Amino acid sequence: HNLVNKSHLNDKVMILLQSVGLRADVLNRYPHEFSGGQRQRIGVARALASQPDLLVLDEPVSALDVAIQAQLLNLFRELKERFSLTYLFISHDLGVVHHMCDLIAVMYLGRIVEYAASDVLYREPRHPYTQALISAIPVADPDVRKKRQVLTGDVPSPITPPSGCHFRTRCPYAIDRCRNEVPALRPTPDADNTPHLAACHRLEEIRASG
């Protein structure tokens, strides 16, 4: 990318390694000499090398143990501030998503079904699929009992998804309209000034039912 001349290349690499929490003396190690967490940090350093404004992080901590996950997530937050980065953070771990993201888009079979600010989405999920996901998050308190919204049926094939609303085959609120018409992503009832969109034909009824 012609961002640094060859005479300063090693210096640039060392700065990148240090920025992700690795010592400069690891420069000449072989790949098998690094742990999984260190390899992930090297991947981040490589991504930062081209001085991007946007990083796409696709399940960046899913293969790591909890302690290493926490270290990397804190590193991501630190790098975001230091380099003024924007992240597109993709994950199935809802706790990690809540910790990392300002805005969240929930997807089901390739379609966005809900979009909102992080705190708003977790406090007031509106789409039935989002509600089921939020209800499945474990609570680290043995005295707290959450009411799970257990979905029935299997996830359809994304190659041949159901007609209309992709979620209708597992949705407790599905009606004939859901079979024939794709729901638009639209503002939810009683949404305040923060963006809160959901794709469901029965948003008002679901909201009214509590």
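This briefing describes a surface patch, a helix, a strand pair and several salt bridges. The structure is a predicted model. Its surface carries a nonpolar patch made of L54, V56, L88 and I90, and a search of the whole structure finds 8 salt bridges.

**Strands β1 and β2 and the nonpolar patch**

- Strands β1 (54–58) and β2 (86–90) pair in the parallel sense, with 5 bridges between them.
- Side chains alternate along β1: L55 and L57 are buried and point to one face, whereas L54, V56 and D58 point to the other face and are not buried.
- Together, L54, V56, L88 and I90 have about 350 Å² of accessible area.
- Each of the two strands, β1 and β2, supplies at least two residues of this patch.
- V56, a residue of strand β1, has L88 in β2 as its bridge partner.
- V56 has a relative accessible area of 52%, and because the cut-off for exposed is over 50%, V56 counts as exposed.

**Helix α1 and its surroundings**

- Helix α1 spans residues 9–19, and its buried residues are L16, L17 and S19.
- Viewed down the axis of α1, these buried residues fall within an arc of 160 degrees, so they line one face of the helix.
- The buried residues of α1 pack against two helices, α2 (36–48) and α3 (66–83).
- G21, just after α1, adopts a positive phi of about 85 degrees.

**Salt bridges**

- R23 and D25 form a salt bridge in which the closest N and O atoms are 3.2 Å apart. R23 is exposed at 53% relative accessibility, and D25 is exposed at 54%.
- E78 and R82 form a salt bridge with the closest N and O atoms 2.4 Å apart. Both residues belong to helix α3, where they lie 4 residues apart, about one turn of the helix. E78 is partly exposed at 42% relative accessibility, and R82 is partly exposed at 41%.
- R202 and E205 form a salt bridge with the closest N and O atoms 2.7 Å apart. R202 has a relative accessible area of 18%; because buried means under 20%, R202 counts as buried. E205, at 44% relative accessibility, is partly exposed.
- R123, E124 and R126 are linked in a network of salt bridges.

Technical notes. Residues numbered from 1 in each chain as written. Predicted model: local features only at pLDDT ≥ 70, side-chain atom pairs only at ≥ 80, totals over all residues. Heavy atoms only, no water. Patch = residues over 30% accessible without salt bridge, like charges linked within 9 Å, V, L, I, M, F, W, Y side chains within 5 Å. Areas by Shrake-Rupley, 256 points an atom, 1.4 Å probe, with all protein chains shown as cover. Salt bridge = Lys/Arg side-chain N within 4 Å of Asp/Glu carboxyl O. Buried < 20%, exposed > 50% of the residue type's maximum accessible area, 1.4 Å probe, protein only. Arc of directions from axis to C-beta. Contact = heavy atoms within 4.5 Å. Pairing = 2+ DSSP bridges.
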